[in-house]
Every structure is written in structure tokens, then in C-alpha cells.
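Me: Could you take a close look at one part of this protein with me? I'm new to reading structures, so please explain the terms as you go.

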Amino acid sequence: MKIAVLGTGMVGHALAGKLVSLGHEVTMGSRESGNPKGEAWAGQSGPNARAGSFAQAAAFSELIVNATPGTVSLAALAEAGTENLNGKVLLDVSNPLDSSGGFPPSLTVCNTDSIAETIQRSYPEVRVVKSLNTVSAPVMVDPGMLPGAHDIFMAGNDQGAKSIVSGLLQEFGWSPGHIRDLGGLDAARGMEMWLPLWLRIFIQQPQGKMFNIGIISE
Ligand SMILES: NC(=O)c1ccc[n+]([C@@H]2O[C@H](COP(=O)([O-])OP(=O)(O)OC[C@H]3O[C@@H](n4cnc5c(N)ncnc54)[C@H](OP(=O)(O)O)[C@@H]3O)[C@@H](O)[C@H]2O)c1
């Protein structure tokens, strides 16, 4: 599949690298074509790896990953361009974390709304699916690095788009029984509101910085 990964950070690198290793054609997008991080990644990742502006990446792709901070995701998507986004699946892995007031960061949107829904409202013809925002980048693409059974969540209004994302998650190593479809995109609220608790767990435990939720039921 032709995939745009919008974001040159840790998450963009983890996802773009894994997708290329799986045989997908990936363009890493950033604010300007020629971005050194994007160019360096493309230069060392083989013939299926490219770098470009957000717009170039989105135009090239069938599926788009939003791997930008939730606070700037609308700006990044505006640069990508409505015409390059419409009709496509957008996997939103972002979190709306605002660190301007210090640590821990606060959520810029929560409870009655989410960044995923904000994106969906701004781009009604884009097929937004929320997933992977609840785990660290290494775990996103290698769930087997953690022992035992654990879960990944998914939310979205378009069942076909969720099937496509579920397929990608399975390529990453997530087993179908642990890909939890929570329903419509409003379920992204809970997925994003996990972050304050995630951050507290992260700072509270000195070891084991990679962890995840495993649902245990009778
Ligand atoms: N880190 C994790 O393990 C983890 C886990 C789960 C979810 N997440 C979420 O995944 C997302 C990506 O995280 P990250 O740490 O990889 O990202 P990051 O390094 O904080 O963000 C990098 C990207 O944001 C773009 N950007 C910065 N300011 C911008 C602006 N004003 N307008 C448009 N684009 C702008 C940058 O563009 P340039 O390339 O042009 O500089 C770059 O591509 C975040 O929402 C984060 O909360 C992270």
C-alpha cells in the first residue's frame, strides 16, 4: 500500500520504518520538503522510502498516518491539503497533550470531544480511525516485545476504514482477538484520556518503561 506518515518524530520513524520493512511504499511528510530528518530516513531506508512535504506525502498515498502532536495536527493536515486527504483512511495516533504549563501536560480537548473527532469534523470526507495512541512507539510496531496478552484499541465511524487499519495492526503483530474495536469515533475520547494515567504510570515506575493495558475478564 502507498502510505503517508505525517511526522518526522519518534512515532513517525517507528511507523514508517516498520511499514517499509513490511513492503509498503512510504513517504514521510514534514512541513518542508527537504527536511533533514525526513531525507535522512528516506536515504537509509531503501527504494520504498521517500520524504516530502505534508502535501507531497498525502498526495502520493492511499492511507495517511497522523503522527504529529495533537496540538498542531490541524495545522499539519491543512498543509497536507483537503484535496490530498479526501476519501482516504487517516490513522490518527496523536494525543492532544499541551506541555506549555509544565509537567504533566494537560489535554487540550477531552471528556466531551477528542482530537480525532476534531479532525473528523474538519475533514468530513476523510475516513478517520483512532488507534495506537495508547502505547509507546516501539510497542506500536512490536507488540511481542511485551510478555503476555495485551490490547490495542480502535475507534472510527467507517467500518471499512477500520478493517483496513485492523489489517495493518495485524501486520505489526497485534492478534485479532486483542484489537478492540470500541465503536464510533467518540470512543477516541477515552483512548486519549488514558494519557494522563499513562504518564503517571510512566514516571512512577523506575523500570519497565514499556507497558500496556491488558483487559482481564472472567
Ligand atoms: N512518543 C510516543 O511514544 C507516542 C506514543 C503514542 C502516541 N504518540 C503521539 O504521536 C504523535 C507524534 O509523536 P512524536 O513524539 O513522534 O512527535 P513530535 O516529534 O513531537 O512531532 C514531530 C512532527 O510534528 C511536526 N510539527 C511540529 N510543529 C508543527 C506545526 N506548528 N505545524 C505542523 N507540524 C508541526 C513536525 O514537523 P517537521 O517535520 O516539519 O519538523 C514533525 O513532523 C503525538 O501526537 C504524540 O502524542 C506518541
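Leaving aside its neighbours within four places in sequence, which residues is Trp41 in contact with?

Reply: Happy to help! This is a predicted model, in which local features need pLDDT of at least 70 and side-chain atom pairs count only at pLDDT 80 or more, while totals for chains, interfaces and linings use all residues. Residues are numbered from 1 along each chain as its sequence is written, and side-chain values use heavy atoms, with hydrogens and water left out.

Now to your residue. Apart from neighbours within four places in sequence, Trp41 touches His13, Ala16, Gly17, Val20, Val26, Met28, Ala49 and Arg50; contact here means heavy atoms within 4.5 Å. Trp41 belongs to helix α2, residues 36–44. Helices are DSSP runs of H or I with at least four residues, strands are runs of E with at least two, and both are numbered from the N terminus. With a relative accessible area of 4%, Trp41 is buried. The word buried means under 20% relative accessible area, exposed means over 50%, and partly exposed is in between, using a 1.4 Å probe and protein chains only.

Thr8 is a good next stop: its C-alpha is 8.8 Å from that of Trp41, although the two residues are 33 apart along the chain. Thr8 also leads us to the ligand, as Thr8, Val11, Arg31, Thr68 and Ala137 come nearest among the 24 residues around the ligand. A residue counts as near when one of its heavy atoms lies within 4 Å. Backbone atoms approach the ligand too: a backbone N or O atom of Arg31 is 2.8 Å from a ligand oxygen, and for Met10 the distance is 3.1 Å. The protein covers 75% of the 920 Å² of accessible area that the ligand has on its own, with areas from the Shrake-Rupley method and a 1.4 Å probe.

For another buried side chain, look at Lys162 in helix α8, residues 159–172. Lys162 counts as buried because its relative accessibility is 3%. Its side chain reaches the backbone oxygen of Gly183 at 3.0 Å. Beyond its neighbours within four places in sequence, Lys162 contacts Val129, Met154, Ala155, Gly156, Asp181, Gly183 and Gly184.

Helix α9 is worth a visit as well. Running from residue 188 to 204, α9 has 17 residues and reaches 25 Å from first C-alpha to last, close to the 24 Å expected at 1.5 Å a residue; that expected span is 1.5 Å times one less than the number of residues. A kink of about 30° in α9 is centred on Pro196, where the bend is the angle between axes fitted to the seven residues ending there and the seven starting there. Among the buried residues of α9 are Trp194, Leu195 and Trp198. The buried residues of α9 pack against several elements, including β5 (89–92), α6 (115–122) and β9 (152–156).

Finally, some backbone surprises. Most residues other than glycine have a negative phi, and most peptide bonds are trans. The Phe103 to Pro104 bond, however, is cis, with omega near -5°, and Pro104 sits in the loop between β6 and β7. Asn111, in the loop between β7 and α6, has a positive phi near 70° and is exposed at 53% relative accessible area. Leu132 also has a positive phi, of about 70°, but at 0% relative accessibility Leu132 is buried. You will find Leu132 in the loop between β8 and α7 (137–141).

Terms used:
A polar contact is a pair of N or O atoms within 3.5 Å; within protein, one must be able to donate a hydrogen and the other to accept it, and residues adjacent in sequence count only if both atoms are side-chain atoms.
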